[in-house]
Structures are given as C-alpha cells and as structure tokens.
Amino acid sequence: MFKIVKREEMAGGTVVLNEIEAPLIANKAKPGQFVILKATEEGERVPLTMAETDPEKGTLTVIYMVVGKSTAVFKSLKEGEGYQDVIGPLGKPTHIEKVGTVVCVGGGTGIAVLHPITRALKEAGNRVIAIIGARNKDLLILEDRMKQASHELKICTDDGSYGRKGFVTEVLKEVLEGEKVDQAVAIGPVPMMKFVSKMTADYDVPTLVSLNPIMVDGTGMCGGCRVSVGGETKFACVDGPEFDGHQVDYDELMMRLQAYCEDEQKCYNDFCLMEQA
Amino acid sequence: MAEKKKKRAIPRQPMPEQAPEVRRRNFKEVPEGYSPETAMEEATRCLQCKNPGCVDGCPVSVDIPGFIGLIQDGDFKGAIRNLWGKNSLPAVCGRVCPQEIQCEGKCVLAKKGEAVAIGHLERFAADYEREHGTGELPPKQPTTGKKAAVVGSGPAGLTVAGDLIAKGHEVTVLEAFHKPGGVLVYGIPEFRLPKEIVAQEVHFLERLGVKVETNMVVGRTVSMDELFEQGYDAVFVGVGAGLPRFLNIPGENLVGILSANEYLTRANLMKAYLYPQVDTPIPKGKNVVVLGGGNVAMDAARTAMRLGADSSKIVYRRSREEMPARVAEVHHAEEEGIEFHLLTNPTRFIGNEKGRLIGMECLKMELGEPDASGRRRPVPVEGSEYRLDCDLVIVAVGSGANPLLTQSDADMELNKWGYIVADPKTGKTTKKGVWAGGDIVTGAATVILAMGAGRIAADSMHDYLTLGW
C-alpha cells in the first residue's frame, strides 16, 4: 500500500490534495512527469501529473478534481489509508532551460501541474510571469504557491469574483502586447490550452502544453493516449505528456477524451447514490 | 506387438468443452479438462518411444514420455513433479502452447493418425496438483548467495525465475504492471487461460522463494545500473514486445479504434468485462471488426462476441492459409460465430461529427508473388472499394519493441527494429551481467518460445553466477 500522509480539500471539496508515500518514485521524479494511481483491487488506473515531490520525505503529491467514480473513490481515502498501486515516474520531464522571459498559464487543476514547472523555470534564471484562472474565486487553487514560484502573478476568474474578470487568454494578450516573451507554458482544460496556443502562435512564442488523455498502462503499451501532433500520431505517455502547443490537434483530443463519457457518468451517479444511501 | 496394436486402437480422447452457443457469451474457460480416467486412457496411447521426437519438438525439453508414463500408472503426483523439472508453468503451457507444431507434431502416432494429446495431459497433471495436490514443493539446490533480478514477469521471466531459484540463487522479479504474469494476464483472455491459474503458477514460484515486486518500471522507477548497485549479480530482461502497431491510415484516431493491447488489457488485466462491478470501462461494439489474422486477433474477436456484439468479424488482408493463428483458435472462433473477411484490407476509417467510428472503407485483395516472409503478397484488386459498417475496430496487426527500458538504459546493443541483440546460444546481451530473451529479442512470438529463451538464458546465468562471465 502507498500511504496517504497528508490530505487536503480545496475549492470547496471539489479538488483534493494527496501527499503519498512512494520513496522510489519521489527519488526519481522530475517536474512534468506523471504517475498512475489505482486505489483498490477493482479500481481503474488513473494517470495524474505530479504537483510536488519530496525525495527526503519520500513522498509525492497529486492534486485532482473529482470528476467521476475513480476520483470519487480517491477522495474517499483518508489520511493513513492509501492507494493499492502507484506507478511512476512516467513520461518525459519538462525541458527546463534559461530562455529569458516565460509566461506560465494555468487553469483549474492544471495549476497544480504548472506549479513545479513554474518554480523550476524561475530557479533556472528565467523571469517568470504566471497567469492563473478559474471559474470563480472558490475554485482557484494554489495562489500562494504560484506567487512564490513566479516573479509576477496575474489572476482572473470567469465571473469576476476574484482578480480580473475574464479568461486567461485576455490577460495573456496584454502580457504579449506589453513585452517580449520567449516561451509560454499552458496547462489546464483542453479548450484553454487550445486558445492559449492559438494566441501565442500569433506572437511566435514557443509554447509547451501538458496533455492528460485516456490511458491504461502509461508505458507505451496500449496506445489509448495517442494524440496527433504536427500530423503525426504520438503516445502522450512516452512521447509526452508535454508537446509543442502549436502542433497539437486539440479537437481530436477533446473527442477522444469523451470516449467513455456515458459509461463514466452512469458509474459515477451509481457510486454517488450508493454513498448517499 | 499385440500391446502396441491394442494401444493404437484407442482413439485420441476428446477434450470436453463448453458448447459454442453457450460459451460465446461467457468468459468461462472453453475446454473443461480431462477427468483422471480420461487422462489415464489417453496416456495409455503413448508408445514410450526410445528416441522420442516429442521431446525434441519441445522448446524446454519436457520429459514427455516420462510424465505421461506416470499418468498412465495413475501417479499424478509424480507426473507433475516430473514436469516441474523442465517447466515452471505447466498449467499455462498445457493450455496455450501450439502443440500441433511442436511436441504433438513430432509424435510418432501423428504420422498415421492422431498424436497423443500431450498438451491436454500436461494441463491435466498441473490442474490435478492444483486441485488435489499435497502442495509439496520440488527440491532446491543449496543456496549460492548470488542474486538475480528478472525484469518482466511474462513467460520468459517466470521461466528464468523458476530455473534460477531451483539452482539455489536468490531471485527477484520486477513487474511494471500492478499484477505479475505479463502477457499471460494482460493479453491472453480468461476463456483461454483463467487468471486464477496464472496467479497460482506465480504463487508456486513465490513458495519456492522467488520475490515478486509489482509497480516497478525498470528504466523509470529504478534503472538497470541501480539494480547492480543494489547488489544483483545478474539481470535478465524479458519485457516483451509491448508496442502496438497501427496501420497509419486516415481516421485511425477516431473514438472506437483501439489497439488489441488496449482492448485486451482492459478486458483481461483490468477485468473490464465485469464493468461496472470494476471501475475500468471497455467499449462494447455492436458491429466489431478485428484487423489481423493472428492469435491475438482471434482473442479480440472472441472477446467482443462475449461482450455482446451483434457481429464480430476478422478482417485479414491475406487468405486463410497465411493466417498465423493456431488452427484450433480459428476453429473455436468460427464455432462461436466469428465471421472471416479474408483478402480484405482497410484503406480508411469513417467517423461521424462527434469523432466516433461508424465504418471503414476496404479494398479486396488477391495473392501475388511471395514476399520477404515467404507468404504470397496481397495486392489490391482495382476498383474493389466497398464500405463496411462498424462501431468498434480492434487493431491486431502485431507489436514492436517497446523502447521504454532499452532507451533509458542504452548500454545494450539493439538491432534496427529496436529489439535487444542477444546471443541465441546463451541469451547474453552486449552489456556485462545482462541477459535478454523472449519477444524483446525475437519480436512477437509465442509463450513457449519465450520460455525456451528463458531456459537458455537461465542456464547461462547459472554458469556466470557460479563460474563467471
């Protein structure tokens, strides 16, 4: 068992943080890499990009939104309980180098994945501007950590309940108009990454995105996670999860993410009914 | 002479199996196994040849007349112990080996009639021990104090583990998945090889002292060099050929097109056929097409039928004769209502506005001159395009070398396809202290060939551990 040593609820209980004991993985993991978690014997293998690792404590941290049965089962695990299986670190680490000015754009739980990359980019000597957004104030996570990890933090919410009213792309446009940006990193919901990439393409700013498609093994065996990048099929698990944002076929990715939608909705509803009963 | 004649008069005992119309909708094992009486009757047919061809036909040289003789005498305990001497996985081999081209193909009775049912008897001995046995373990050599790591817990790795533990070495098996067994658990379906049986075979090795560590992705969680730093004296790499091939034709990323690896892993390892009792879903097609003509294609088509498909078709670009699947598997599939569309090649997939598969376009093929594989090359018949409606396509056109381990721990020489270069006589790679075998060396093959490679490597590893490189 992989024990949960710390558990926190965020964004009104819709987002959960788990710090998990996994010394071998924590020792190896680098920003941008992911793990696969499976809570129970009957559980599903769920890929999640790590939000933090602590090699000394031998722990890794994942932050996830409760969207279906598997994440609802994850949420039901208490401190001291644990996951039956944690596998990793998987995927390629983020390529971190000093390029000058970097804009890091995060949305929803993507901010959790963006955080260690932002910090590493700052540590590498870049000037880092971070833009984070959420639907409303209650759903915004990791504001303090993102403030520390960057030189400048800009916040926006869709409904204007906190920070600027509007989407991250609007704030991004102002930044791109205002100064020369050498690189962008965008992690969040697929439409967000799509529109950020569209915008940075207009300004010729190389852009990295981190994808989270459906996968089973995470080691290149199943091909469930295939994405079209620059017209070529790539496996997100071994060729990614990060790709050139200007080359990704986001529409295809969104359709592939819907593959089990009906099954999952039913399964989740049944689970919620059972929990209530 | 008279006795031989009497023996020859006994027909090969048929294997009782579930009726096709019943089994096509359930996941229970198809063949039900011999009773002790049937097994003894079948064993009586063996002529106990002085120079047995069957043993030559076996990649791990099982003492076939020996164990069959013991079954003849009703000494089932002795039979399984005889088998264990050469084979750590008899319950598996008895079920999935292509006996017709190996041991049974060389049986002297096969020349004039039907071979002794060696596979069925092997299965019987293993099943009898599991269900009624004493659990008494075979003897082990004294401890050598040497440590070996086995990367991958498929048939090659388990064979190495079984051989080395018997020779007195310490053995740890490292598996990337959350369950050991490799292709035996993720690839071969429950109805051909019940997962409980694989678990028991692994448990048998654990009882012998083999340590099994799951969730260990060598190359990621731990590197090969770190294994040596941790004190392992020798490492065997048997990670299989886990990289699915696709056709690279338009529309292949539509929702509803899966690799056989993904489809079967969901069904077998994740037990998605029990969904929603388990959490992993699997697409349930009404009109399913499986592309390919090998055993994996048969497994996928038969799985789809069991998941409730209205139709399940094999689409293969060559003819029946060139199909690499075992005759028995093709036969089972046909009995279960799988349709065969041969000399047919898909050219593109068709989707709806939601990106979901609704059909595919195919071309009729005819056979031309032989190609590099010696089989006649299929060539398209001009103007033969037609559309086949389908809502689920499973691509079973083979697999390549998975680069996860080989690229992170370069040091080993690879061939141009990315497979590990290993000496066929010893299994030695170009990296000192590292052996390799199975599909990661040969490309996708069979369970028993991987076990044969494991046997060769284990012998060489034993020499190294006791004598040096």
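**Exercise 1. Find how many helices and strands chain B has, then judge its overall form.**

Start with the count: chain B holds 19 helices and 16 strands, where helices (H or I, at least four residues) and strands (E, at least two) are DSSP runs numbered from the N terminus. Next, take the radius of gyration, which is 23 Å for chain B and close to the 23 Å from the globule rule for 469 residues, so the chain is as compact as a globular protein of that length. Here the radius is taken over C-alpha atoms, and the rule is 2.2 Å times the number of residues to the power 0.38. Then check the box: along the principal axes, the C-alpha atoms of chain B fill roughly 65 × 65 × 50 Å. Finally, look at burial: 58% of the 469 residues in chain B are buried, meaning under 20% relative accessible area with a 1.4 Å probe, protein chains only.

A word on the ground rules. This is a predicted model, in which local features need pLDDT of at least 70, side-chain atom pairs count only at pLDDT 80 or more, and totals for chains, interfaces and linings use all residues. Residues are numbered from 1 along each chain as its sequence is written, chains are lettered from A and ligands numbered from 1 in the order written, and side-chain values use heavy atoms, without hydrogens and water.

**Exercise 2. Trace the seven-strand open sheet of chain A and find its edges.**

First, walk the order, which is β12-β11-β10-β9-β13-β14-β17 in chain A, with mixed pairing. Two strands pair if DSSP finds at least two bridges between them. Now the edges: β12 (164-165) and β17 (242-244) of chain A each have a single partner strand, so one side of each lacks a neighbour in the sheet. Zoom in on one pair: β10 (residues 127-134) and β11 (residues 152-157) of chain A run parallel, joined by six bridges. There, A:Ile131 sits opposite A:Lys154 of β11(A). Last, add a helix: α6 (residues 190-202) of chain A lies across β9, β13 and β14, at about 165° to β13(A). Contact means heavy atoms within 4.5 Å.

**Exercise 3. Do likewise for the five-strand open sheet of chain A.**

The order is β5-β6-β2-β1-β7 in chain A, and the pairing is antiparallel. At the edges stand β5 (52-54) and β7 (82-83) of chain A, each pairing on one side only. Three bridges tie β5(A) to β6 (residues 59-65) of chain A. In β6(A), A:Leu60 is the bridge partner of A:Thr53.

Note on methods
Axes are lines fitted to C-alpha atoms, for helices over the stretch in contact, and angles run from 0 to 180 degrees between N-to-C directions. Buried means under 20% relative accessible area, exposed over 50%, partly exposed in between (1.4 Å probe, protein chains only).
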